[in-house]
Amino acid sequence: MSNAPAVVPEGVELTDGFHLLMDALELNGITNIYGLLGIPVTEIGRMWQARGNKFYSFRNEQNAGYAASVAGYLTKKPGVCVTVSAPGFLNGLTALANATTNCFPMILISGSSEREIVDLQQGDYEEMDQLNIARPHCKASYRINRPEDIGVAVVRAVRTALSGRPGGVYLDIPARLFSTVMAADEGKKSLWAPVDPAPAQIPAPSAVQRAAELIKNAKKPLILFGKGAAYAQCDADILAFVEETGIPFTPMSMAKGLVSDLHPQCAAAARSLVLQESDVVILVGARLNWLLAHGKGKTWGVAPKKFVQIDIQANEIDSNVKIEAPLVGDVQSCINALRAELKGYKSADQAAWASSVAEKHNSTRAKLASKLSTATPVMNYHNSLGAIRDVLKNYPDICLVNEGANALDNARMVIDQYLPRKRVDTGTWGVMGIGMGSAAAAAVETGKPVVAICGDSAFGFSAMEYETLTRYNLPVTVIVMNNGGIYRGDEASPDHQFSCMLFNPNTRYDQLSIALGGEGVRVNTPEELAKALEDSIKSGKTTIIDAIIDPAAGVESGRIGNLNIVSTIGKK
Ligand code: OXK
Ligand code: ADP
Ligand code: MG
């Protein structure tokens with residue numbers, strides 16, 4: 001098969017790789033690209049904008065990639081990130097791998113060196129075998145070698161990113177291809193959009209019956225929603241399933257708001273009780289991974305437990321423990337098939353269970369509520385987040401971005417979510433630095449204001465990206481929970497050096513905001529915090545609120561300190 005570009009007769013209208021790639025992306029409904037330009041892709045940004053599309057230019061490709069992945073999660077269209085070769089590709093790859101882990105649809109497009117040089121390792125400018133380096137970290141890695149293949153490559157990338165378990169796809173484009181020409185009419189014929197790229201996957205009727213039987217015979221059933229259920233965008237069906245069955249539910253962090261945290265069947269504040277005492281657990285788009293203690297151990301109590309698992313990925317079933325009733329299919333098809341099979345069933349038979357769960361949930365919430373309004377000389381996580389919660393409850397459609405350790409774990413507990421897909425956080429890996437990219441994508445793709453609650457350490461990972469937010473005038477309020485260090489800010493420093501866990505106590509994030517073109521305010525009390533947040537939301541201006549938090553307020557690694565490793569040598 002020849003790779004040589006076809007010879008085009010004189011006078012025939014031409015197109016090239018740049019134009020074919022843009023035509024193909026537009027044909028697939030892509031209008032926003034997130035990226036960072038340079039050799040060999042600079043031109044594509046200008047040409048993309050010249051078509052009236054948006055190119056969001058970032059300061060580091062990792063954040064552009066986080067933005068693209070969150071755009072994919074929120075829109076169910078693949079988020080597209082464009083980078084230069086080698087280091088730019090590698091920065092983007094971190095985000096592509098994270099997207100694949102989170103099951104967010106994303107396409108990373110990177111320029112690359114010519115094959116004849118890379119394959120002989122002849123030392124090209126930013127030479128790297130990107131195609132093969134990407135392959136283990138995403139759903140698929142494709143290289144395009146001929147202009148007439150750009151159409152099929154984009155279709156493959158879109159379908160692979162969206163179908164089945166969503167995830168990341170790498171598209172490798174050797175530099176020369178961008179300017180390789182072909183006849184425009186032939187080029188046009190080479191482009192198409194995939195038909196139904198994310199087809200419904202219907203569960204087997206036998207599987208539905210098996211699951212329904214298990215649920216009907218349960219005494220203490222529990223529904224557990226994961227971000228796969230949020231991604232599915234079948235919110236009405238989910239709510240109907242919850243209310244028709246009367247079964248208590250608890251959400252994983254990004255599934256919060258799929259059914260409101262204020263719903264009477266919400267058991268989020270009775271988490272330990274329901275995980276330990278339930279007898280049948282219905283997992284809906286949630287993996288039994290580390291976030292759920294792999295489905296075993298004290299988190300799950302000693303009572304015998306049977307799992308129903310709804311997941312589009314067949315080999316996710318039995319990944320950690322035996323699943324008695326697997327339902328392999330997309331959430332919407334599975335939920336509606338279950339609803340039909342369970343018609344007339346109501347877990348009112350488990351009224352005692354439902355009311356004991358509700359009692360625990362409500363009493364724990366009440367106990368926390370008192371902490372949220374307790375004044376302290378210096379703000380702590382409870383009274384600062386309590387002030388934020390009281391403001392945000394008036395803005396249910398604001399998207400909350402959340403990262404950090406204590407800033408993450410406490411906000412996940414305190415800040416209620418009322419609507420689906422309004423909370424974006426550190427996800428399955430627990431990634432620090434997702435904040436600014438996620439906030440950019442949430443603001444761009446939803447058109448709504450965004451509030452990002454970031455630990456000061458987490459914010460530092462992508463702080464320069466704040467200039468990206470101000471440049472596009474995005475209505476994002478970043479609340480930096482400034483306790484002066486990683487986890488906390490009061491660690492004693494060893495002789496002659498600053499503790500490895502501390503930051504400069506004179507850091508002024510509010511002034512950083514002003515320096516980067518935004519609004520900035522430092523707050524010391526919950527009242528000041530509430531006012532600053534309200535003012536920022538109303539102003540629609542990109543703002544940093546530098547919230548001073550007691551340096552002693554944090555706990556090492558937040559609620560996952562058990563994962564830390566400490567040496568026993570020399571310890572009494
Ligand atoms: C929940 N709870 C509440 C509420 N919601 N109480 C009152 N009111 C409300 N609204 C209760 C809930 O019942 C639990 O109490 C407790 O609060 C904690 O709830 P939750 O949902 O957070 O549960 P838990 O145990 O923390 O969940 C485990 C977990 C979670 C692993 C899923 O900790 C998590 O998602 N962690 C992510 C950590 C992470 O990714 N960090 C990244 C940075 S750290 P009980 O009594 O019912 O148990 C890092 O990078 O290095 O350190 C680093
Ligand atoms: P969480 O961390 O919130 O528990 P996970 O990311 O662990 O959620 O799990 C999400 C699961 O949802 C993945 O196993 C993925 O295969 C699955 N999933 C994603 N989209 C769908 C869908 N539309 N239908 C069914 N399962 C889905
Ligand atoms: Mg901190």
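Of the 22 residues around ligand 2, the nearest are R165, K227, R287, D311 and V331. That is a good place to start in this structure, which is a predicted model. Below you will find the two ligand shells, the magnesium site and a surface patch.

**Ligand 2**
- Among the polar contacts, a side-chain atom of D311 sits 2.6 Å from an oxygen atom of ligand 2.
- The backbone takes part as well: a polar backbone atom of K227 is 2.7 Å from an oxygen atom of ligand 2, and a backbone N or O atom of G285 is 3.4 Å from an oxygen atom of this ligand.
- On its own, ligand 2 would expose 580 Å², and the protein buries 97% of that area.
- Which helix gives the most to the shell around ligand 2? Helix α11 (residues 227-231) does, with three residues.

**Ligand 1**
- Ligand 1 is surrounded by 22 residues, and the closest of them are S272, R412, M413, Y487 and R559.
- R412 places a polar side-chain atom 2.8 Å from an oxygen atom of ligand 1.
- Two backbone contacts reach oxygen atoms of ligand 1: a backbone N or O atom of A268 lies at 3.1 Å, and one of A269 lies at 3.2 Å.
- Taken alone, ligand 1 has 1,000 Å² of accessible area, of which the protein covers 81%.
- Two or more residues of the shell come from each of α13 (271-277), α15 (351-372) and α17 (406-414). The largest share, four residues, belongs to α17.

**Magnesium site**
- The magnesium ion (ligand 3) is coordinated by D456 (OD), N483 (OD1) and G485 (O), at 2.0 to 2.2 Å.
- Along the chain, the donors of the magnesium ion follow the spacing D-x26-N-x1-G. The pair D456 and N483 links distant parts of the chain, 27 residues apart: D456 is in helix α19 (residues 456-461), while N483 is in the loop between β17 (476-482) and α21 (509-515).
- Are these two donors buried or exposed? D456 counts as buried because its relative accessibility is 4%, under the 20% cut-off. N483 also counts as buried, because its relative accessibility is 3%.

**Surface patch**
- V12, L14 and V181 form a nonpolar patch on the surface, with about 200 Å² of accessible area together.
- Where does V181 lie? V181 belongs to strand β8 (residues 181-183).
- V181 has 35% relative accessibility, so it counts as partly exposed; that class runs between the 20% and 50% cut-offs.

Key:
Residues are numbered from 1 along each chain as its sequence is written. Chains are lettered from A and ligands numbered from 1 in the order in which they are written. This is a predicted model: local features need pLDDT of at least 70, side-chain atom pairs count only at pLDDT 80 or more; totals for chains, interfaces and linings use all residues. Side-chain values use heavy atoms; hydrogens and water are left out. Patches are made of residues with over 30% relative accessible area and no salt bridge: like charges are joined within 9 Å, nonpolar side chains (Val, Leu, Ile, Met, Phe, Trp, Tyr) within 5 Å. Accessible areas come from the Shrake-Rupley method with a 1.4 Å probe; for residues, only the protein chains shown count as cover. A salt bridge is a side-chain nitrogen of Lys or Arg within 4 Å of a carboxyl oxygen of Asp or Glu. Buried means under 20% relative accessible area, exposed over 50%, partly exposed in between (1.4 Å probe, protein chains only). Donors are N, O and S atoms within 2.8 Å of the metal (3.2 Å for Na, K and Ca); water is not among the atoms, so sites may look incomplete. A residue is near a molecule or strand if one of its heavy atoms lies within 4 Å of it. A polar contact is a pair of N or O atoms within 3.5 Å; within protein, one must be able to donate a hydrogen and the other to accept it, and residues adjacent in sequence count only if both atoms are side-chain atoms.
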